[in-house]
Amino acid sequence: MPEAAAPAEQVIAQVLHRRMEEENSLIAGERGAVAYRIAELMVQAKDLYTQVLPRLTKEVNSELPLEEEISGLRMALLHMRDLITDFDNAFLEAMFSERKANPDQVYDEWREPGEEDEWTDEDLGIGEGEEGVSAD
């Protein structure tokens, strides 16, 4: 008996996960969740384009009236919104975990080496003779 093909989400997630490992992107324990969430979105987007759109445009026969097709589209889009939220949460968590694991490296890209951690008067836009706003 021939082996069943893996679901599209699984294949896409494996490819993305492999790339994240190769590039050491995100924290290791979070890569799988982010890769799978991206894969879910890609499969949903493909279904919208290849299945729903042709029915809406009558390129493919549909027994349903347009209003019911649009209602179905609405449900698919609401599902996609949920998938986007799930992806966003997984990605933000992976980024938070990465920053938490390496707190000293967070600012490496925009802060000059040896630069003070404190805000200067120049950073705050306070010039000579300007002491800020008083609470009188």
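Here is a walk through the helix packing, the nonpolar cores and one buried glutamate of this predicted model.

Local features need pLDDT of at least 70 and side-chain atom pairs count only at pLDDT 80 or more, while totals for chains, interfaces and linings use all residues. Residues are numbered from 1 along each chain as its sequence is written, and side-chain values use heavy atoms, with hydrogens and water left out.

Let's start with α1 and α2 (helices are DSSP runs of H or I, at least four residues, numbered from the N terminus). They pack at an angle of about 135°, with axes 8 Å apart; the axes are lines fitted to C-alpha atoms over the stretch in contact, and angles run from 0 to 180 degrees between N-to-C directions. That makes the pair oblique, a label for whatever isn't under 35 degrees (roughly parallel), over 145 (roughly antiparallel) or 65 to 115 (roughly perpendicular). Among the α1 residues meeting α2 are I12, L16 and H17, where contact means heavy atoms within 4.5 Å.

Now for the largest nonpolar core: A13, M20, L26, V34, A35, A39, A90 and A94. Such a core is a set of buried Ala, Val, Leu, Ile, Met, Phe, Trp, Tyr and Cys residues joined through side-chain atoms within 4.5 Å, buried being under 20% relative accessible area with a 1.4 Å probe, protein chains only. α1 (8-22), α2 (31-56) and α3 each supply at least two of its residues, and α2 gives the largest share, three.

Finally, E69 sits in α3 (residues 66-101). E69 counts as buried because its relative accessibility is 4%. Beyond its neighbours within four places in sequence, E69 touches R55, L56, S62 and L64.

Technical notes:
Buried < 20%, exposed > 50% of the residue type's maximum accessible area, 1.4 Å probe, protein only.
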